[in-house]
Amino acid sequence: MPPYTAPATPKALPPAGTWTDAGAGAGPSPTSRAERWTYWLHVNGRFAQVVVDLASVVTIILTFATTILPADVMFHVVFVLLTVQAFLFGLRPTLLRIGIVSIPLLVYANARLFGLNEPHFDLAEWPLMFVIAVLVAWMADRVDTTAKRYASLFRQASERLLTVEEDERRRIALELHDGVGQVLAAMTLTLDAASGSLAPRARAQRVGSARRMAATALAEVRHLAHAMRPARLEERGLTAAVRDLAGQSGFPVRVHIGPELDPLPDLEPTVTVGVYRIVQEALANAARHSGAAVAHVWIAAPDGRLAVLIADDGCGFDPGAAVDPGIGLAGMYERAELLGGHLSIQSAIDHGTRVSLDLPLRATP
């Protein structure tokens, strides 16, 4: 590929019996044991924290008040409870509890200084135990932060998907109304006029006009169906569909396929559709806005990756100042991200535009 030289179904709801009502935590009932515990902790986190704290306090009191077990065993129980706290509730609560637990530890280890008659207790291993608890808490915080981040990204992607779906529905509705709907309305009026016409010649002319309108409506429906899901994409694959798209772009488009893709391996359907839509949007933008004399589409597979480049020699634009009122550029970036790839758009005024897509080449099993 030449170097750049210029400066989408919501899932059905589960049956009503699988839903629970827990105030703000209402939602689908967890299925596995781990999910049930996680859900319970999410709803009753404060209660669980109080229970673990009380267990630690009782253990420390028993250490000072009784001789049921040696002090090192009792304080190891406290350490286990502290580690549970670290795993469940993160770094900040753990640091607070380490500070609190350190007080009875120091008092017990120096009991004679406080007038208490307690056996000798060695503190040598406790700094290491506290470090272990802090590391567990830090890892738990990392996991929780990562989970929240991915949940936020998933929520944003879901919201964007709904927006894209609504925009697509609106666009299809407008095309049906302004295209097919208008033609069918005119055809209906023409047929009404033909049925009321007494002259055979006038009736035949109106019927012929109605037939032409029906053919126009059929062509528009086929065009809309092709835009939604090109039949060639499923029948002959990505390269044939891209060549068809190039021939329908309204200006010269040359398609270059790497020899390693002849024939193109069977790709996952989502990859095939995603790449096709990105090429379709890039060529549509070039046809509408660039004023290019010619555009090129390169598809290659270097080093086990699928590389796609769409370049034109048009007027170009400033990517930093571009305003995307629709779903075009944003949709291209999101499709690439959902496919696990990388999309870059390079352009400059009077130096054309290049759209580069790079993603893993994953063939269907």
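Two strands count as paired if DSSP finds at least two bridges between them. The exercises below apply this to a predicted model.

**Exercise 1. Describe the hairpin of β4 and β5: how many residues lie between the strands, and which residue there takes a positive phi?**

Solution.
- Step 1: β4 and β5 are joined by 6 bridges in the antiparallel sense, and the cut-off for pairing is at least two.
- Step 2: W298 has L309 of β5 opposite it.
- Step 3: The hairpin has 4 residues between its strands, and D303 takes a positive phi near 55°.

**Exercise 2. Work out the strand order of the open sheet of 5 strands and state the kind of pairing.**

Solution.
- Step 1: Begin with β3 and β4, which run in the parallel sense and share 5 bridges. I257 has I299 in β4 as its bridge partner.
- Step 2: β4 is joined to β5 in the antiparallel sense.
- Step 3: β5 and β7 are also antiparallel, with 8 bridges; here I310 faces V355 in β7.
- Step 4: With β6 added, the order is β3-β4-β5-β7-β6, and the pairing is mixed.
- Step 5: From one strand to the next, the twist averages 10°.

**Exercise 3. Explain why one side of β3 and one side of β6 are left without a neighbour in the sheet, and decide how far β5 is enclosed.**

Solution.
- Step 1: β3 (253–257) and β6 stand at the edges with a single partner strand each, so each has one side without a neighbour in the sheet.
- Step 2: For β5, count residues under 20% relative accessible area, the cut-off for buried.
- Step 3: The count is 7 of 8, so β5 is largely enclosed by the rest of the structure.

**Exercise 4. Identify the helices that pack on the sheet, and find which element gives the most to the largest nonpolar core.**

Solution.
- Step 1: α9 lies across β3, β4, β5, β6 and β7, at about 10° to β5.
- Step 2: α10 touches β6 and β7, and its direction makes about 145° with that of β6.
- Step 3: The largest nonpolar core has 35 residues, and V275 and V279 have the most contacts inside it.
- Step 4: Among the elements giving two or more residues to this core are α8 (238–247), α9 (269–290) and α10 (328–338). α9 gives the most, with 9 residues.
- Step 5: Leaving out residues up to four places away in sequence, V275 touches L238, L306, V308, L339, L357 and L359.
- Step 6: A second, separate core has 15 residues, including F75, Y108, W126 and M129.

**Exercise 5. Compare the span of α9 with the expected value, and state what phi G291 takes.**

Solution.
- Step 1: α9 has 22 residues, for which 32 Å is expected at 1.5 Å a residue.
- Step 2: From first C-alpha to last, α9 reaches 30 Å, close to that value.
- Step 3: Just after α9, G291 takes a positive phi of about 65°.

**Exercise 6. Place Q85 in its helix and decide whether Q85 is buried or exposed.**

Solution.
- Step 1: Q85 belongs to α3, residues 71–89. This helix of 19 residues reaches 26 Å, close to the expected 27 Å.
- Step 2: The relative accessible area of Q85 is 2%. The cut-off for buried is under 20%, so Q85 is buried.
- Step 3: Other buried residues in α3 include F75, V78 and L82.
- Step 4: A polar atom of the Q85 side chain lies 3.4 Å from the backbone oxygen of Q49.
- Step 5: Not counting residues up to four places away in sequence, Q85 touches Q49, V52, D53, G90, T94 and R97.
- Step 6: G90 in that list follows α3 and has a positive phi, near 90°.

Key. Residues are numbered from 1 along each chain as its sequence is written. This is a predicted model: local features need pLDDT of at least 70, side-chain atom pairs count only at pLDDT 80 or more; totals for chains, interfaces and linings use all residues. Side-chain values use heavy atoms; hydrogens and water are left out. A nonpolar core is a set of buried Ala, Val, Leu, Ile, Met, Phe, Trp, Tyr and Cys residues joined through side-chain atoms within 4.5 Å. Buried means under 20% relative accessible area, exposed over 50%, partly exposed in between (1.4 Å probe, protein chains only). Contact means heavy atoms within 4.5 Å. Axes are lines fitted to C-alpha atoms, for helices over the stretch in contact, and angles run from 0 to 180 degrees between N-to-C directions. A polar contact is a pair of N or O atoms within 3.5 Å; within protein, one must be able to donate a hydrogen and the other to accept it, and residues adjacent in sequence count only if both atoms are side-chain atoms. The expected span of a helix is 1.5 Å times one less than its number of residues.
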